[in-house]
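Student: Please take me through a close look at a single part of this model, one that I can follow residue by residue on the screen, and then set that part against the rest of the chain. I would like the cut-offs behind each term as we go.

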Amino acid sequence: MSLRNNLQALRAERNMTQEQLAMLLGVSRQSVTNWGTEGV
């Protein structure tokens with residue numbers, strides 16, 4: 001399973017937005033978006 005798929009699944013399980021995840025991790029929302037689109 002890719003990082004992108006893992007992030008999407010975990011966010012869905014927890015009903016979290018990309019912005020909420022970014023705040024939790026201490027990164028920008030753009031970083032979370034990039035992880036999700038680039039599959040890094």
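**One helix and its surroundings**

Tutor: Leu10 is found in helix α1, and this helix is the part I suggest we follow. Helices here are DSSP runs of H or I with at least four residues, strands are runs of E with at least two, and both are numbered from the N terminus. The coordinates are a predicted model, in which local features need pLDDT of at least 70 and side-chain atom pairs count only at pLDDT 80 or more, whereas totals for chains, interfaces and linings use all residues. Residues are numbered from 1 along each chain as its sequence is written, and side-chain values use heavy atoms, with hydrogens and water left out.

At 1.5 Å a residue, the 12 residues of α1 should span 16 Å, and the C-alpha atoms at its ends are indeed 16 Å apart, so the two values agree; the expected span is 1.5 Å times one less than the number of residues. Within α1, Leu10 is partly exposed, at a relative accessible area of 41%, where buried means under 20%, exposed means over 50% and partly exposed lies in between (1.4 Å probe, protein chains only).

Further along the chain, the side chains of Glu13 and Arg14 meet in a salt bridge, with 3.3 Å from N to O. The term asks for a side-chain nitrogen of Lys or Arg within 4 Å of a carboxyl oxygen of Asp or Glu, and by this rule the count comes to one salt bridge. Side chains of opposite charge can pair when their charged atoms come close. Glu13 is itself exposed, with a relative accessible area of 59%.

Just after α1 comes Asn15, with a positive phi of about 50 degrees, although Asn15 is not a glycine. Most residues other than glycine have a negative phi. Asn15 sits in the loop between α1 (3-14) and α2 (18-25), and Asn15 is exposed, with a relative accessible area of 67%.

Across that loop, Leu25 belongs to helix α2 and is partly exposed at 46%. The C-alpha atoms of Leu10 and Leu25 are separated by 14 Å, with their positions 15 residues apart along the chain. Leu25 also joins Leu24 and Val27 in a nonpolar patch on the surface, with about 270 Å² of accessible area together. Such a patch takes residues with over 30% relative accessible area and no salt bridge, joining like charges within 9 Å and nonpolar side chains (Val, Leu, Ile, Met, Phe, Trp, Tyr) within 5 Å.

The next loop, between α2 and α3 (29-38), holds Ser28, which is partly exposed at 34%. The C-alpha atoms of Ser28 and Gln18 are 9.3 Å from each other, although the two residues are 10 apart along the chain.

For the whole protein, the pattern along the sequence is α-α-α, with three helices and zero strands. Buried residues make up 12% of the 40 residues, and carbon and sulfur atoms hold 51% of an accessible surface of about 3,000 Å², computed by the Shrake-Rupley method with a 1.4 Å probe; for residues, only the protein chains shown count as cover. As for confidence, the mean pLDDT (the predictor's confidence in each residue, from 0 to 100) is 89, and 92% of the residues reach 70 or more; the mean is lowest in α3, at 87, and highest in α2, at 94.
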